[in-house]
Amino acid sequence: MDESMPQPAKKVPGAAQQFTAFTPYEPAPSEEYMNPTQIAHFRQILEDWRNELMAEVDRTVQHMQMENVNYSDPNDRASLETDMGLELRARDRERKLIRKITQALDRIKTGEYGYCESCGVEIGLRRLEARPTATLCIDCKTLEEKREKQMAQE
């Protein structure tokens with residue numbers, strides 16, 4: 001297998017996936033942050049990820065239509081209903097993720113993508129590649145998580 005080619009994400013049935021089928025961006029030493037090349041890189045990641053999730057939604061709809069079987073055995077029916085429930089919950093998580101991806105694409109259009117919505121600093125290329133929908137820099141995200149943890153303990 002060619003090691004220079006991006007490897008597709010491993011699929012876990014019923015789980016929302018992080019899109020990883022891309023080549024990491026290598027900026028030039030003096031390259032400006034969120035220049036047109038970087039913007040195009042992240043737009044492509046987000047669009048490909050959204051398209052992959054939408055294809056999964058379509059497969060689920062087709063699967064549910066094909067599985068519209070009325071089993072006479074209560075155990076078979078219960079198993080089918082459990083499987084469908086898990087699949088629907090996974091699709092609901094993916095629906096929320098698609099919304100976040102769309103919001104990230106909107107931030108690209110407005111020129112806000114890549115900058116922390118809390119403090120305005122650069123989020124960073126590696127963080128955005130790890131989580132293309134990130135809206136907070138690592139420092140602000142850490143503070144938010146600490147606040148959430150404190151609120152949960154109260």
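**Salt bridges and helix H1: exercises**

At 43% relative accessibility, Arg95 counts as partly exposed, a class that lies between buried (under 20% relative accessible area) and exposed (over 50%), with a 1.4 Å probe and protein chains only. The model is predicted, so local features need pLDDT of at least 70 and side-chain atom pairs pLDDT 80 or more, while totals for chains, interfaces and linings use all residues. Residues are numbered from 1 along each chain as its sequence is written, and side-chain values use heavy atoms, without hydrogens and water.

**Exercise 1.** Find the salt bridge of Arg95 and place both residues.

*Solution.* A salt bridge is a side-chain nitrogen of Lys or Arg within 4 Å of a carboxyl oxygen of Asp or Glu. Arg95 meets Asp92 at 2.5 Å, N to O. The two are 3 residues apart in helix H2 (helices are DSSP runs of H or I, at least four residues, numbered from the N terminus). They are therefore separated by about one helical turn. Asp92 is partly exposed, at 30%.

**Exercise 2.** Trace the salt bridges of Arg126.

*Solution.* First, Arg126 pairs with Glu26 at 3.3 Å, N to O. Glu26 lies in the segment before H1 and Arg126 in helix H3, so this pair ties together parts 100 residues apart in sequence. Next, Arg126 pairs with Glu129 at 2.6 Å, N to O. Glu26 is exposed at 61%, Arg126 is partly exposed at 42%, and Glu129 is buried at 8%.

**Exercise 3.** Which helices do the buried residues of H1 pack against?

*Solution.* H1 covers residues 36–66. Its buried residues include Phe42, Trp49 and Glu56. The buried residues pack against H2 (74–110) and H3 (125–130).

Note on methods: Expected span 1.5 Å × (residues − 1). Contact = heavy atoms within 4.5 Å.
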